[in-house]
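User: I'd like a close look at how the helices pack here, both inside one chain and where the chains touch. Please walk me through it and spell out your cut-offs as you go.

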Number of protein chains: 2
Amino acid sequence: MNFDEWMRGVLARVETALERYLPDDETEPKRLHEAMRYAVLGGGKRVRPLLVHAAGELTGATAQALEAASAALEMIHVYSLVHDDMPCMDDDALRRGKPTVHVKYDEATALLVGDALQSQAFVALTDEAVLDVRAQAALVRELAHASGSLGMAGGQAIDLASVGLTLSRPQLETMHRMKTGALLRAAVRMGALAGASPEAEALRALDTYAEAVGLAFQVVDDILDVTTDSATLGKTAGKDAKDGKPTYVSIIGLDASRTLAAQLRHEAHDALALFGGRAQRLAELADLVVNRVS
Amino acid sequence: MNFDEWMRGVLARVETALERYLPDDETEPKRLHEAMRYAVLGGGKRVRPLLVHAAGELTGATAQALEAASAALEMIHVYSLVHDDMPCMDDDALRRGKPTVHVKYDEATALLVGDALQSQAFVALTDEAVLDVRAQAALVRELAHASGSLGMAGGQAIDLASVGLTLSRPQLETMHRMKTGALLRAAVRMGALAGASPEAEALRALDTYAEAVGLAFQVVDDILDVTTDSATLGKTAGKDAKDGKPTYVSIIGLDASRTLAAQLRHEAHDALALFGGRAQRLAELADLVVNRVS
């Protein structure tokens, strides 16, 4: 099976899992459930679910376990997008090529959609029919740490506080390590932890891989923000510059950002040496993250 | 030990546990952590932690386990207050006698405080040093279900949608069962589940108790909203009527609401018969909920 076939298979399974783990829109409160499904289904690159599945191959995790972990991670990711897009945060009207939740519905609904998606992620991880209690506890621990004030939400706070400031490159990296890196790292770790308990050495190698992929993802995001149009991105292009947000491109320039992305891709590949050919999907995902055009 | 002494002991331990489970405000991002601590510490009736501790006595749960469960429940409760107070929801300026988080800080910070408190609740429940993996998984499952779109967040959505409408009493009850009842019920169940696995019959009795206490809590809230001043309540009095929100008082009147509260207290007591004298604290808490003046 080549990478494209593997990826299409995973994406189809993830979409079905998200369908299943979200309350249906015939259940009360219907409008909230409809808005949760609008936010989550039928869009997005699903980078975190792909990382979960690629890492899960290393520890023989079952398809069901990887689907639960993928659904949980994607629900956390989408909740953060819904809240970030709200007027009191980035105030954005377009996401994944569609009106954002507060534009399509209203602000109160967007707030509750995000809140409820976060809870639903932890519902998915404690599905007794899918994961043993050890894995349930381990995956919840990873996801809760990665989402909170020392991870994603904390990075978002630093991001907001940095508008209009001149950040140093280390400061920018710290912000991204928390804001997007923590959840990407959690995706890789949760994929591995969903199977047979991985060795400490393997987890360390996966952390190094995830750290490099996480930063590469952000560097490429910053490059695309200035080189690509809104229609291709599915979100408002050029917004960081307009909002006075520091980016890799604004700090080190476009050429150096491209060089950095290529270098991080190499670091990600090197970290996988421990696994030999068994980590092929993870290596291919590092390539996908760096070579993507949207 | 009489009830007051027991309660003071629990409240002191819960405050220390919350201190410990919240990131300190010297850790970056400092402003976010300061705001999280402002929202959580030094205020509130701590009804959910008291229920956790009273129920935990029935199954011999350790003090540490009950502290973790209490901290998690209180963090979820406070996150919901912080988000509910925001301008796009109830737009309230006063909570627990202090300016609300978006007034004291700003809206974006209030949004992130709530988001991060939800994550932090699940961090507390997966503290490996305190709970075994079975209890971690069980408590996360209870809390995630109670918080989400079929519980607290869903009840909030129904509450918002009901402004200006005439609800029937069953509709009002459904809303409150989700909005506040689900988390109160989770408090009782999580206290019990933090110890030796309770029998199904005991859990059913606790559910009946919690359901009655949860409704009584809301009926008394509605009574106090029209009979007490803002200074005593620590929040804006008379707000439900002003906002056109349906309440027990507006639907069945003040006298019938008082009769209903007394009746629910009896139902709560009756549900505890199974436990004999061992459920004394739960019985006393039902009295506290109905007899409170703020």
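Analyst: **Helix packing within and between chains**

Helix 3 of chain A and helix 15 of chain A run roughly antiparallel to each other (angles over 145 degrees count as roughly antiparallel, under 35 as roughly parallel, 65 to 115 as roughly perpendicular and the rest as oblique). This is a predicted model, where local features need pLDDT of at least 70 and side-chain atom pairs count only at pLDDT 80 or more, while totals for chains, interfaces and linings use all residues. Residues are numbered from 1 along each chain as its sequence is written, with chains lettered from A and ligands numbered from 1 in the order in which they are written.

Helix 3 covers residues 47-56 and helix 15 residues 280-291, and in chain A they pack at about 160° with axes 9 Å apart. Axes here are lines fitted to C-alpha atoms, for helices over the stretch in contact, and angles run from 0 to 180 degrees between N-to-C directions. Helices are DSSP runs (H or I, at least four residues), numbered from the N terminus. From helix 3 of chain A come V47(A), L50(A), L51(A), A54(A) and A55(A), which meet R281(A), L282(A), L285(A) and V289(A) of helix 15 of chain A; residues are in contact if their C-beta atoms, placed from the backbone, lie within 7 Å. By class, that contact has 8 nonpolar, no polar and 1 charged residues. Ala, Val, Leu, Ile, Met, Phe, Trp, Tyr, Cys and Pro count as nonpolar, Asp, Glu, Lys and Arg as charged, and the others, Gly among them, as polar.

Now to where the chains meet. Chain A and chain B each give 40 residues to the contact. On chain A's side, helix 2 (30-40), helix 6 (107-125), helix 7 (133-147) and helix 8 (152-161) each supply at least two residues. Helix 6 of chain A has the largest share, 11 residues. That side of chain A divides into 23 nonpolar, 13 polar and 4 charged residues.

Helix 6 of chain A packs on helix 8 of chain B (residues 152-161) at about 165°, their axes 9 Å apart, which makes the pair roughly antiparallel. Among the residues that meet are L112(A) and D115(A) in helix 6 of chain A, and Q156(B) and L160(B) in helix 8 of chain B. The contact of these two helices divides into 6 nonpolar, 3 polar and 1 charged residues.

Definitions and conventions. Contact = placed C-beta atoms within 7 Å.
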